[in-house]
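Please walk through the structure below, beginning with one annotated residue and moving on to its record, a second annotated site, a loop and a helix pair.

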Amino acid sequence: MRKLKVAIIGQSNFAAEVYKSLKRDGHEVTGVFTIPDKVNREDPLAITAKADGTPVFKIKAWRSKGLPLPEVLDLYKSIEVDLNVLPFCTQFIPMEVINHPKHRSICYHPSILPRHRGASAISWTLIEGDEVAGFSVFWADDGLDTGPILLQRSCPVKPNDTLDSLYNGFMYPEGIKAMAEAVNLVAKGTAPCVPQTEEGATYDAMLNKKELQRLDWKGKSAKQAHDFIRALDSTPGAWTLIDGEEARLYGSSLWKGNETIPSGTAVDIDGRPAVVHETGLLMQAEDGNWLNVEVLKIGTRTISASKYGQAQSNGTCLEFTEEERQAVETIRKIWQSILRRDIDDDTDFFACGAGSMDVVRLVEEMKDSLDIHLQNTDVFMAPVFMELVNSAILAKRGASASQNIAYEAVVLQANNMDLSFPRQLFVNGKFVNGRGKPIVSVNPHDESVICSVESASIEDVDEAVKAAKKAFEEGEWSKISARERGALLFKLADLMEQHKEELATLESLDSGAVYTLALKTHVGMSIETWRYFAGWCDKIQGATVPISHARPNRNLTMTRKEPIGVCGLVTPWNYPLMMLSWKMAACLAAGNTVVMKPAQTSALTALKFAELSAKAGIPPGVINIVPGSGSITGNAIVNHHLVRKLGFTGSTEIGQMIMRSCADSNLKKVSLELGGKSPLVIFEDADMQQAVRLAMSSVFFNKGENCIAAGRIFVEERILDEFLDRVVAETKKIAIGDPLNRGTSHGPQNHKAHLDKLLEFVEKGVKEGARLVYGGRRLDRPGFYFEPTIFADVRDGGFLATEESFGPIMIVSSFSSNDLDKVIARANATEYGLASGVLTKDISRALRFAEKIDAGTVFVNTYNKTDVAAPFGGFKRSGFGKDLGQEALNEYLKTKTITIEY
């Protein structure tokens, strides 16, 4: 292929990219002719060419009074040219220039010529409702876009395509390739030259006058109004009157006929009815159908249409990672290169003289430098530097660039720090008040009121579920890749770690957890859980399956692992943040969205977590936190027909009710982690010091409010007395008190009703004849403090031997190691099967125990040793399904089989 000497005449990033493509193909660009600088800012084509040392000529005008300017014509003729290339040119070029080179001139035009000749071709493609868009590369002549066609490319027009999306998604990238291809065809001598037909030709007005940009509702259907709005989105924007005020309209979509018109604030749109609602501005056209717009520009202010008539919000204050801070400085340099001035955090892009072409350049340079994909509208909505930075970082994280977060903060001092946390429901990315009766959150240490927490009604749950469904089906969450989803979860884990002391303090105040334990386990394991499942996001995959062929054809079968949809989670009060994390991390890693009810008595860390999730950039609607009672809020989630999966941790009795409701409502997929009466068997060869330490930990860990607590301890009869003596002695040393005190190892029970239940449990045990060795009373001090308790001589089949206390009550029975099968049978004589443990130096005995015991987890010479990578869940009345580990993902996935014949 012969290499050509090319002159590029034009401007913009598009022309600059065409320049680069021609250079890569080996053509010599002998000169670039572009527009003069604007406010000391060069056009991107000029910058690109000068960097290569290519001659650049900045021409203010080529003609005067219809005649070419001799000095400009001489300047052009001073370089050698085989072909003029006009990628994007707003100037009138004389025919003396067009026809001068050997191969004359080729132009780019963004329509399928001869349709939509003129400068607003893409807009008219949309206004006319064309189903196909495209562009033409043609040979320039003395007419308006009338020259012979060299090549054309087309693409389908999607229902919600806009001027911007067609340009950015097709016209721009494919147009650059096509211009390079056209030049190569000219160089090879094979370039077509097909005369344009006048059949179907249209000459469309340039939409540069304000009166042409007004949406005339008269005689227009909703579809025609939608087409007009998207044709001018985002520059300059179609406009209409809202309550008599001029407003530009962006982000249009047709309202589906079967969708209910939402409630909201009624406004007048140029004499037509409209409603401001939670997702935009809904307007009715003459045909009775509705369309929705998401963004308005009123004067110089661009706002979300759903915020029309409301006071402005300050938006989110993001916390940046080190990588994101570097990105901020890169964005600052881009602004500096465009505006040619120093950039402060409060610099306004448009106040510094930037125009619409500068917006295009900014968007393109951020995409090229940082792989951040914004729309022009995002710049108009966030013209101040730090506002746009927040939008850009949220977009990089995969979140909505217009997200904001505000809440009624509870502010208090505790643990030598200032705390600020939400108390409202978190629905669709916002903290909102609930319709239910507020819940009083009580500090179990001193019985003081921390705050009141908003409570969700059935209607609130319905709104949360619908927000989750929309986020799953239509929102950013549904569009980002699995790897991007993982990056968001890693960011959330990082934020949790940055706020771990605050989270642990809240957990202590709200649930009575000892601060050091809350920091290490409640919060520490939560962070580990999020990081573990963040790593799984891009490793969830299906398989190919060999099947028999339908001869003579062949078949291929594959499976896909897909998210279920909206998941409901109901979690307990013993590990508020950790139980949330165990379930929600796997749920989100699989790609689902969630509506979660924290425990009625301990909701504060869940709400603080919701705040952090917004700061991490999790899109609105993905996470919804709805505190409330089990009878109202919990039942509303369980029975909701749009919830497709229910994960529950709590009592067996409530689990049974939930299972029935899930079956009756819409046959939801269910996983249940329920009660336990876990046996710990201590053989005579166990190390006594270790046995005492592990037995106490197995019962008293987290004040006994532990689902896998050893509900019954079997001690070999020959070591029973020594074991009891040592356990009592060590129990007396337990430091009971304020959970925020670093010397405390045992805090108050979670709430008053639970304390009363433990006292009743002790009373029943004494009545049935068990020996109360130690404790069993409420401590004489403020707060819900219960003395760690030890029972011995507990008979099989009795109340103490079969019922779960869920508190710091040790139940001790003896056995003989002469009959291993008998003690295993006694350990299995329970309807629960959550966990178990055995202490022995005999590995054969340990392995036989592990094989025969009917429990989901078996600890050998350890206890309470859970890990985020190890599956966790029970058997029998302890429930089914797994938290943690790879197996947990299966609880939130469905398998689809696809069979292909070829």
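**Contacts, annotated residues and a helix pair**

In this predicted model, K597 touches L569, V570, T571, V626, G628, S629, G630, T633, G634 and I637, leaving out residues up to four places away in sequence. K597 lies in strand β26, which covers residues 593-597. Its relative accessibility is 4%, so K597 counts as buried, the cut-off for that class being under 20%.

K597 also appears in an annotation. The UniProt record, an unreviewed entry, carries a "binding site" feature that covers K597, P598, A599, Q600, G650, S651, K757, E804, S805 and F806. These residues are spread over 210 residues of sequence, and they are spread in space as well, with up to 23.8 Å between C-alpha atoms. Among them, E804, S805 and F806 are included in the lining of the largest cavity.

S805 can be followed further. It sits in the loop between α24 (799-802) and β34 (809-815). With a relative accessibility of 8%, S805 counts as buried because the value is under 20%. Apart from residues up to four places away in sequence, S805 touches H754, K757, L758 and F761; K757 is also one of the residues covered by the annotation. The side chain of S805 reaches the backbone nitrogen of G807 at 3.2 Å.

Another loop residue to inspect is E454. It is found between β22 (449-453) and α12 (458-473). E454 has a relative accessible area of 8% and is therefore buried. What does the side chain of E454 make a polar contact with? The partner is the side chain of R423, at 2.8 Å. The E454 side chain also reaches a backbone atom, the nitrogen of G434, at 2.9 Å. Both R423 and G434 are in the contact list of E454, which, with neighbours within four places in sequence set aside, also holds Q424, L425, N433, P438 and P627.

The last stop is a pair of helices. Helix α25 (residues 820-828) packs with helix α26 (residues 843-852) at an angle of about 35 degrees, and their axes are 10 Å apart. The crossing of α25 and α26 is right-handed. On the α25 side the contact is made by L820, D821, I824 and N828, and on the α26 side by R845, R848, F849 and K852.

How values were computed:
Residues are numbered from 1 along each chain as its sequence is written. This is a predicted model: local features need pLDDT of at least 70, side-chain atom pairs count only at pLDDT 80 or more; totals for chains, interfaces and linings use all residues. Side-chain values use heavy atoms; hydrogens and water are left out. UniProt positions are given in the numbering used here, feature names are shortened, and annotations may be inferred rather than shown by experiment. On a 1 Å grid over the protein atoms alone, a cavity is a set of points where a 1.4 Å probe fits but cannot get out, and a pocket is an open set with protein on both sides within 12 Å along at least five of seven lines; lining residues have an atom within 4 Å of a point. Helices (H or I, at least four residues) and strands (E, at least two) are DSSP runs, numbered from the N terminus. Buried means under 20% relative accessible area, exposed over 50%, partly exposed in between (1.4 Å probe, protein chains only). Contact means heavy atoms within 4.5 Å. A polar contact is a pair of N or O atoms within 3.5 Å; within protein, one must be able to donate a hydrogen and the other to accept it, and residues adjacent in sequence count only if both atoms are side-chain atoms. Axes are lines fitted to C-alpha atoms, for helices over the stretch in contact, and angles run from 0 to 180 degrees between N-to-C directions. A crossing is left-handed if the near helix is turned anticlockwise from the far one by less than a right angle, and right-handed if clockwise.
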